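I set out to record what I looked up in this structure, entry by entry.

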Amino acid sequence: MSRTYHITTFGCQMNSADSEIMEGILAARGWRRAEAEDAADVILYNTCVVREHAEDRALARLGQLKALKAARPGLVIGVTGCMAQKDAEALREKLPHIDLILGTRAIARLSPLLDRVIATGVPQSCVETLDEAYPIEIIPVRQRPLKALVNIILGCNKQCSYCIVPFTRGREQSLPSDQIVAECKRCAADGAREITLVGQNVNSFRAPGEATASFGNLLRRVGEAAPDSWIRYITSHPRDCNAAHIRAVAETPNVCENFHLPVQAGSDRILARMKRLYTREAYIDLVGRIRDAIPTASITTDLIVGFPGETEDEFEETLDLLRRVRFDAAYMYLYSPRPGTPAAAEYKDHVPLAERKRRLAKLIELQEGIGLENARGLIGQTMDVLIEDVAPRTGGDVLARTRTDRMVILPGTPEQVGRFARVTIQDANAHTLFGVPVRES
Ligand code: SAM
Ligand code: SF4
Ligand code: F3S
């Protein structure tokens with residue numbers, strides 16, 4: 001029987017890619033997507049637990065579904081993703097209206113387990129598969145065929161002391177290069193003009209059977225396989241960003257020159273406590289090497305403030321790092337203790353919440369100023385963009401993105417969505433550039 005489904009996705013690019021795989025499984029059964037949750041026969045929540053806030057949001061929404069389930073007993077409610085993996089037992093106890101719990105590497109079992117729930121009405125779960133291989137034969141249903149996500153590596157072996165991800169995503173496992181290349185070719189043939197290779201640590205990619213990391217080789221192969229698409233990747237780790245990676249970006253014309261390299265903190269003592277495996281100077285040196293090789297590259301980052309024991313001086317070192325590196329953009333977070341992580345267990349010297357918030361506000365203020373200055377430095381320059389959408393607020397404009405991952409608003413029409421264009425930048429604020437198309441002679 002054909003049914004309808006609705007998937008809500010929280011969290012990072014891994015979850016977005018997984019939701020597309022789950023949608024692929026359901027679409028292959030002939031099921032249809034419901035536009036609204038309350039019109040769906042099956043409701044799936046693909047959850048995130050990286051910070052407490054993400055967890056709370058998902059829990060609140062799942063709690064609210066109890067009433068819907070009471071009104072429609074045939075409704076099937078499933079939880080997938082990182083909360084399902086980490087808290088299956090607690091979820092079963094606290095939210096008995098959930099019918100299905102699928103761990104992060106169990107999504108290929110969606111179909112048979114759903115069948116069992118529907119046939120028996122008995123809740124099902126599968127979270128024992130954490131270090132297992134991933135399905136490879138499922139064709140994802142992409143949310144935006146123009147901008148495709150392609151998984152290249154699962155899990156994370158880094159074990160940063162604050163981070164829950166290794167517990168929810170399991171050991172690192174690179175997918176076969178041939179499979180990745182074939183998938184990228186298929187995306188391009190389906191109209192993708194941008195392909196983003198995703199993983200928690202994409203640049204520790206190591207083709208099965210190869211002894212050394214070979215992310216650079218993969219970038220070159222993918223670039224060649226999809227020559228008319230831009231290639232991006234997220235997230236790369238500073239520790240694994242080697243010369244071969246930088247060279248591959250420099251030498252592969254369609255690989256975009258944006259380096260998102262989460263630094264997290266600017267103090268060596270805090271970096272060591274975080275177990276980030278690099279020092280402040282090593283990071284600054286890396287940025288220098290990238291800029292020497294690719295002067296137009298943008299460098300973006302993630303930062304955590306108020307890690308346990310962070311002193312005012314150590315926080316100042318983070319501010320100082322920002323001034324030295326001059327990031328183009330940064331995601332900035334309050335440290336959120338995650339039960340089960342080494343940092344939550346070992347470090348009791350917590351920075352009070354009010355102080356963490358004060359530091360975050362200061363950090364954001366500094367970064368906004370730097371981001372704005374960098375953006376204004378682009379005024380007058382001409383660059384390539386991919387037109388992604390019509391602009392929501394201003395009629396007659398389109399939204400585009402530069403290779404360096406900056407958003408540009410320019411005059412344009414809906415038919416231009418999906419095309420590349422050359423634009424001259426005329427104005428800028430911290431997060432958006434404003435341009436006009438260049439008339440090619
Ligand atoms: N794997 C990527 C890396 O290490 O560069 C990032 C993965 S994580 C999903 C995204 C970001 O969330 C991290 O870079 C970090 O800044 C932030 N994050 C992770 N755990 C956190 C925590 N316990 N509290 C606050 N922010 C956290
Ligand atoms: Fe978490 Fe660190 Fe792995 Fe990133 S590298 S996912 S921050 S453990
Ligand atoms: Fe969240 Fe899991 Fe991604 S915890 S950030 S969805 S890996």
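The entries below concern a predicted model and take up its ligands, a helix, a strand and a glycine in turn.

**Entry 1: ligand 3.** I listed the residues surrounding ligand 3 and found Cys-12, Asn-15, Thr-47, Cys-48, Val-49, Val-50, Cys-82, Val-165, Arg-169 and Gln-200. By class, I noted six nonpolar, three polar and one charged residue in the shell around ligand 3. I then checked which domains supply this shell: domain 1 (4-126) and domain 2 (147-376) each contribute at least three residues.

**Entry 2: ligand 2.** For ligand 2 I recorded Cys-156, Lys-158, Gln-159, Cys-160, Tyr-162 and Cys-163 among the surrounding residues. The list also includes Val-165, Pro-166, Gln-200, Asn-201, His-237 and Arg-276. The shell around ligand 2 divides into six nonpolar, four polar and two charged residues. I noted that Val-165 and Gln-200 appear around ligand 3 and also around ligand 2.

**Entry 3: helix H2.** I looked up the span of helix H2, residues 52-71. Its 20 residues reach 30 Å from the first C-alpha to the last, close to the expected 28 Å. As buried residues of H2 I entered Ala-54, Glu-55, Ala-58, Leu-62, Leu-65 and Lys-69; Glu-55 and Lys-69, which are in this list, count as charged. The cover over the buried residues of H2 includes strand E3 (42-47), strand E4 (76-80) and helix H3 (81-94).

**Entry 4: strand E13.** Why is strand E13 (residues 298-305) described as largely enclosed by the rest of the structure? I found that eight of its eight residues are buried, so the description follows. In a regular strand, side chains alternate between the two faces of the sheet. On one side of E13 I placed Ser-298, Thr-300, Asp-302 and Ile-304, and on the other Ile-299, Thr-301, Leu-303 and Val-305; both faces are covered.

I next traced the pairing of E13. Strand E12 (residues 258-260) pairs with E13 in the parallel sense over three bridges, and His-260 stands opposite Thr-300. Strand E14 (residues 329-334) also runs parallel to E13, joined to it by six bridges. I recorded Leu-334 in E14 as the bridge partner of Val-305.

**Entry 5: Gly-266.** Is Gly-266 buried or exposed? I read a relative accessibility of 0%, so Gly-266 counts as buried, the limit being under 20%. Gly-266 is located in the loop between E12 and helix H9 (268-274). Leaving aside residues up to four places away in sequence, I found that Gly-266 touches Arg-280, Glu-317, Thr-318 and Leu-321. Finally, I noted that Gly-266 and Asp-313 are 47 residues apart in sequence, with 10 Å between their C-alpha atoms.

Notes: Residues are numbered from 1 along each chain as its sequence is written. Chains are lettered from A and ligands numbered from 1 in the order in which they are written. This is a predicted model: local features need pLDDT of at least 70, side-chain atom pairs count only at pLDDT 80 or more; totals for chains, interfaces and linings use all residues. Side-chain values use heavy atoms; hydrogens and water are left out. Helices (H or I, at least four residues) and strands (E, at least two) are DSSP runs, numbered from the N terminus. The expected span of a helix is 1.5 Å times one less than its number of residues. Buried means under 20% relative accessible area, exposed over 50%, partly exposed in between (1.4 Å probe, protein chains only). Contact means heavy atoms within 4.5 Å. A residue is near a molecule or strand if one of its heavy atoms lies within 4 Å of it. Domain bounds come from an automatic or database domain assignment. Two strands pair if DSSP finds at least two bridges between them.
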